[in-house]
Amino acid sequence: MRIKDFAVERYFARYEFSAKYLLSSSDCDGYAMNYVLGLASDSERQLWEKLTLGYTETLGSEFLRNAIQQHYQSIQMDEILVASPGEANFILMNVLLSAGDHVVCMAPMYQSLYQVAMDIGCEVTFWNPLANPDSWYYNPDDLKALIRDNTKLIIVNFPHNPTGYSPNIDELNSIVELARSRGIAIFSDEMYRFLNHGSVQALPSVSDLYENSVSLWGTAKTFGLAGLRLGWLTSKNKPLLRKIEAFKDYLSICSSAPSEVLGTIALNHLDSFVKPNNAKIRANISHFEQFHQRNSNLFDFPKPTTGSTAFIKLNIKESALNFAERLVKDTGIMILPSELFDYGSSHVRIGFGRENMPEVLEILDSYLNR
Ligand SMILES: Cc1ncc(COP(=O)(O)O)c(C=O)c1O
C-alpha cells in the first residue's frame with residue numbers, strides 16, 4: 001500500500017529539532033524519568049529494577065493492561081490491546097475497511113485518522129465545524145446528514161486536535177445512538193483524554209458506551225510522556241481486537257519493555273501528570289488571551305474548552321503557510337499553518353502545553369509590533 005506523506009509530521013521533521021521555539025506542539029512538555037520513577041510504589045519500583053529486556057506480550061503485559069483497565073467503566077482485560085497510537089490506527093483501518101467503504105471523519109483532523117482510509121480506497125466525507133470568532137462547534141445534526149447506506153465507520157476525536165472542542169455528554173450519546181441505529185462502527189481517538197482544564201467535565205470513553213466502537217488513548221498528550229511511544233485500543237468487539245493483534249505481528253510485534261513499566265507507573269499515578277498539565281494549559285491559555293487582546297486585529301481566538309491546542313484564524317493578507325515560514329526564519333518560532341491540515345490557508349494551531357509559552361509570546365509580540 002502506498003500512502004501520502006503526513007504533512008504535519010513532515011513539517012515537524014523540518015523544524016521540531018532546529019527551530020528555537022515551538023508554539024504549535026500538541027503534547028505537553030515531556031516529564032523527566034526521575035519524576036516518573038519518583039512516583040513509583042514499592043511494587044512498581046520492583047517491576048522497574050527487575051525488568052528484563054526480552055520481548056513483551058503482543059496484547060500488552062498484564063500489569064500494564066491492569067493499569068489501563070482502571071480508567072474505564074466496563075472494559076475487560078481481553079478488551080485492551082497495546083500498540084503505539086499510529087500503529088494502532090493503521091492496523092485498525094486495515095482490518096476494518098475495504099476499498100469502496102464510506103467513512104465519515106471530522107475536519108480538520110490528525111491526518112492519519114483519514115489518510116489511511118483514503119489510501120485503502122475508501123470514500124471519506126468530512127464533518128466540518130461551524131466556525132465562530134470565539135468558538136468551534138461540531139453539530140451532530142450535520143454528522144447525521146452525511147451518513148449513507150454504505151457508511152462503515154465514523155471517526156471522532158474528543159478532545160479535538162486542533163480546535164480543543166469536546167461535545168457535551170448528550171451530544172456524544174446522540175453520536176453513539178446515530179451509529180448504533182445505522183449499524184456503523186465508531187473509531188474514537190481519545191489521545192487528549194482528561195485534558196479538561198476548564199469547567200467542562202471529562203467524557204467517558206466511547207468504548208464503554210458502544211459495543212461497536214474502538215477507542216484509542218496513549219501516554220503522549222494526557223501524560224506528557226510522548227517518548228514512551230505507548231498507546232492502546234479498547235473495544236467490546238473482541239474478534240476485531242484479535243484481528244488487530246494478528247496484524248501487529250507484521251509491525252512492532254510487541255511494545256518496548258521499559259515503556260510498559262513507565263507507562264504503568266504513569267497510569268497508576270494519573271493525577272500527578274494530569275493536574276500539572278492542566279494547570280500549565282490553563283495558565284498558558286490565559287497568557288494567550290492577553291496576547292490576543294493586544295493583537296485582536298490580527299487574529300480570532302476561539303478559546304479551547306478542552307485539550308492542549310487551539311485553532312486560531314489569522315485576519316491578515318498573507319497565507320498562513322507564508323506567515324509560518326517567515327516567522328520561523330525571522331524569530332525561530334515554529335507554528336503549524338492550516339495548509340498542513342488541508343483546511344484552507346488562514347488558520348494556525350497553537351499548543352498550550354509548553355512551559356516557555358510566555359517567553360515565546362513576548363518574542364512574537366515584539367516581532368508583530370515591528
Ligand atoms: C489526535 C491524535 N491522535 C493520535 C496521535 C498520535 O499520538 P502519538 O504521537 O503518541 O503517536 C496524535 C499526535 O499528535 C494526535 O493528535
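Start by selecting P108, which sits in the loop between β3 (102-106) and α6 (112-120). The model on your screen is a predicted one, and in it the peptide bond that joins A107 and P108 is cis, with omega at about -10°. Most peptide bonds are trans, and most residues other than glycine have a negative phi.

**A second cis bond, and what touches it**

Move next to F158 and P159, which are also joined by a cis peptide bond, here with omega at about -15°. P159 belongs to the loop between β7 (151-157) and α8. P159 is also among the residues that T306 touches, so select T306 as the following stop, in the loop between β11 (299-300) and β12 (309-314).

Is T306 buried or exposed? Its relative accessible area is 0%, and T306 is therefore buried. If residues up to four places away in sequence are not counted, T306 touches P159, G164, Y165, S166, L195, N196, H197 and V200. Two of these neighbours are worth showing with their polar atoms: a polar atom of the T306 side chain lies 2.8 Å from the backbone oxygen of G164, and the side chains of T306 and S166 are joined by a polar contact of 2.9 Å.

**Two residues with positive phi**

Now select F194, in the loop between β8 (185-189) and α9 (206-209), where phi is near 70°, a positive value in a residue that is not glycine. I253 has a positive phi too, of about 70°, although I253 is not a glycine either. You will find I253 in the loop between α10 (238-248) and α11, and with a relative accessible area of 34% this residue counts as partly exposed.

From I253, step along the chain to C254, which is buried, with a relative accessible area of 10%. Another cysteine to select is C28, which at 1% relative accessibility counts as buried as well. How many disulfides are there in the model? The count comes to zero.

**Helix α11**

Select residues 257-268 to bring up helix α11, whose twelve residues should span 16 Å at 1.5 Å a residue; the C-alpha atoms at its ends are 17 Å apart, which agrees with that expectation. Why can this helix be called largely enclosed by the rest of the structure? Ten of its twelve residues are buried, namely A257, S259, E260, V261, L262, G263, T264, I265, A266 and L267. To see what covers these buried residues, add the surrounding elements to your selection, including the helices α2 (33-38), α3 (42-49), α4 (62-69) and α12 (270-294), together with the strands β9 (213-218) and β10 (231-235).

**The ligand**

Select the ligand next and display the residues that surround it, which are S26, P85, Y110, N157, N161, D189, M191, Y192, A220, K221 and R229. Which side chains should be looked at for polar atoms beside the ligand? In N161, a side-chain N or O atom is 2.8 Å from an oxygen atom of the ligand, while in D189 a side-chain N or O atom is 2.5 Å from a nitrogen atom of the ligand. For R229, a polar side-chain atom lies 2.7 Å from a ligand oxygen atom. Taken alone, the ligand exposes 390 Å², and the protein buries 91% of that area.

**Two buried helix residues**

For the last part of the tour, go to I91 in helix α5 (residues 85-96), a residue that counts as buried at 0% relative accessibility. Leaving aside neighbours within four places in sequence, I91 is in contact with I244, F247, K248 and L251. If you draw a distance from I91 to S61, which is 30 residues away along the chain, the separation between their C-alpha atoms is 20 Å.

Finish with L178, in helix α8 (residues 169-182), which counts as buried at 10% relative accessibility. Outside its neighbours within four places in sequence, L178 is in contact with L143, K144 and I147. A distance drawn from L178 to S256 covers 38 Å, C-alpha to C-alpha, for two residues that are 78 residues apart in sequence.

How values were computed:
Residues are numbered from 1 along each chain as its sequence is written. This is a predicted model: local features need pLDDT of at least 70, side-chain atom pairs count only at pLDDT 80 or more; totals for chains, interfaces and linings use all residues. Side-chain values use heavy atoms; hydrogens and water are left out. Helices (H or I, at least four residues) and strands (E, at least two) are DSSP runs, numbered from the N terminus. The expected span of a helix is 1.5 Å times one less than its number of residues. Buried means under 20% relative accessible area, exposed over 50%, partly exposed in between (1.4 Å probe, protein chains only). Contact means heavy atoms within 4.5 Å. A residue is near a molecule or strand if one of its heavy atoms lies within 4 Å of it. A polar contact is a pair of N or O atoms within 3.5 Å; within protein, one must be able to donate a hydrogen and the other to accept it, and residues adjacent in sequence count only if both atoms are side-chain atoms. Accessible areas come from the Shrake-Rupley method with a 1.4 Å probe; for residues, only the protein chains shown count as cover. A disulfide is a pair of cysteine sulfur atoms within 2.5 Å.
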